Amino acid sequence: MSEQMQVQAVRVGLNGSPEVIDLGAGESAGAAIRAAIGCRWFDVVRLGPDLDMWVDDEGATLADARVNVTATMIARVHGAIWQPFCGVAVFAAHDGRGATVGLSEDVKDALLSGAILTGTAASR
């Protein structure tokens, strides 16, 4: 019997390459997000009703901070135009109560294919 991912998210590295990860495999979604980003503190940027972007809360203050161009472009398409985002980003969703949940297949596929950069996946 193969194990299925429980909380599918998409990690976008500094090179812009997206990969599907499982936030539900460990002890908590928070620990999984910290491990995926490689940070101590993280924060969420709500990009829509079905898309959250998790980023390193200290990413922009690091001496070797690097802007994640892909994550910043995705955020801007969805209205987060006030700053560039540094470091690795993790995209997931939330339920109505704020708990982190997996992405819908449509949004996950849009992130993996780059279609989310057009903003069309935000209305799905």
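## Helices, strands and the overall layout

Helices (H or I, at least four residues) and strands (E, at least two) are DSSP runs, and they get their numbers from the N terminus. With that in hand, let's walk through the chain. Keep in mind that this is a predicted model.

The chain has 124 residues, and 39% of them are buried. Its secondary structure adds up to 3 helices and 6 strands. Follow the sequence along and you meet them in the pattern β-β-α-β-β-α-β-β-α. Take the contacts between residues at least 6 apart in sequence: 51% of these join residues at least 24 apart. As for the outside, the accessible surface is about 6800 Å², and carbon and sulfur atoms account for 51% of that.

## How confident is the prediction?

The average pLDDT of the chain is 85, and 88% of the residues score at least 70. Among the elements, β1 has the highest mean pLDDT, at 95, while strand β6 (residues 100-101) has the lowest, at 90. A general tip for reading models like this: where pLDDT is low, the predicted coordinates should not be read in detail.

## Strand β4 and its two partners

Strand β4 is a good place to start looking. On one side of the story is strand β3 (residues 42-48), which pairs with β4 (residues 51-56) in the antiparallel sense over 6 bridges. The two are joined by a hairpin through 2 residues. You can pick out who stands opposite whom: Arg46 has Asp52 of β4 opposite, and Val44 has Trp54 of β4 opposite.

The other partner is β5, which also pairs with β4 in the antiparallel sense, over 4 bridges. Here, Met53 has Phe91 in β5 as its bridge partner. How many of the residues of β4 are buried? The count is 6 of 6, so β4 is largely enclosed by the rest of the structure.

## The aromatic pair

The structure contains 1 aromatic pair. The ring centres of Phe42 and Trp54 are 5.2 Å apart and the ring planes sit at 70°; edge-to-face means over 60 degrees, so this pair is edge-to-face. The pair links distant parts of the chain, with Phe42 in strand β3 and Trp54 in strand β4, 12 residues apart.

Are the two partners buried or exposed? Buried means under 20% relative accessible area. Trp54 has a relative accessible area of 10%, so Trp54 is buried. Phe42 comes out at 23%, so Phe42 is partly exposed.

## Helices α1 and α3

Now for the helices. A bit of background: an α-helix has 3.6 residues a turn, so residues three or four places apart point the same way. In helix α1 (residues 29-37), the buried residues are Ala32, Ile33, Ala36 and Ile37. These cover an arc of only 125° around the axis, so they are on the same side of α1. The buried residues of α1 pack against β1 (8-12), β2 (18-22), β3, β4 and β5 (89-94). Just after α1 comes Gly38, with a positive phi of about 80°.

Helix α3 (residues 105-113) has Val107, Lys108, Ala110 and Leu111 as buried residues. Their arc around the axis is only 160°, so they sit on the same side of α3. What do the buried residues of α3 pack against? They pack against β1, β2, β4, α2 and β5. Just after α3 you find Gly114, which has a positive phi of about 90°.

## Val88, a buried residue in a loop

Finally, have a look at Val88. Where is Val88 placed? Val88 is in the loop between α2 (69-77) and β5. Val88 has a relative accessible area of 11%, so this loop residue is buried.

What is around Val88? Setting aside neighbours within four places in sequence, Val88 is in contact with Arg11, Val12, Gly13, Ala36, Ile37, Trp54, Val55, Asp56 and Asn68. Some of these names have come up already: Ala36 and Ile37 are among the buried residues of α1, and Trp54 is one of the rings in the aromatic pair. One more distance to check in the viewer: the C-alpha atoms of Val88 and Arg66 are 9.3 Å apart, and these residues are separated by 22 residues along the chain.

Technical notes. Residues are numbered from 1 along each chain as its sequence is written. This is a predicted model: local features need pLDDT of at least 70, side-chain atom pairs count only at pLDDT 80 or more; totals for chains, interfaces and linings use all residues. Side-chain values use heavy atoms; hydrogens and water are left out. Two strands pair if DSSP finds at least two bridges between them. Rings of Phe, Tyr and Trp (its six-membered ring) pair if their centres lie within 6.5 Å; planes under 30 degrees apart count as stacked, over 60 as edge-to-face and the rest as tilted. Buried means under 20% relative accessible area, exposed over 50%, partly exposed in between (1.4 Å probe, protein chains only). The arc is that of the directions from the helix axis to the C-beta atoms. Contact means heavy atoms within 4.5 Å. pLDDT is the predictor's confidence in each residue, from 0 to 100. Accessible areas come from the Shrake-Rupley method with a 1.4 Å probe; for residues, only the protein chains shown count as cover.
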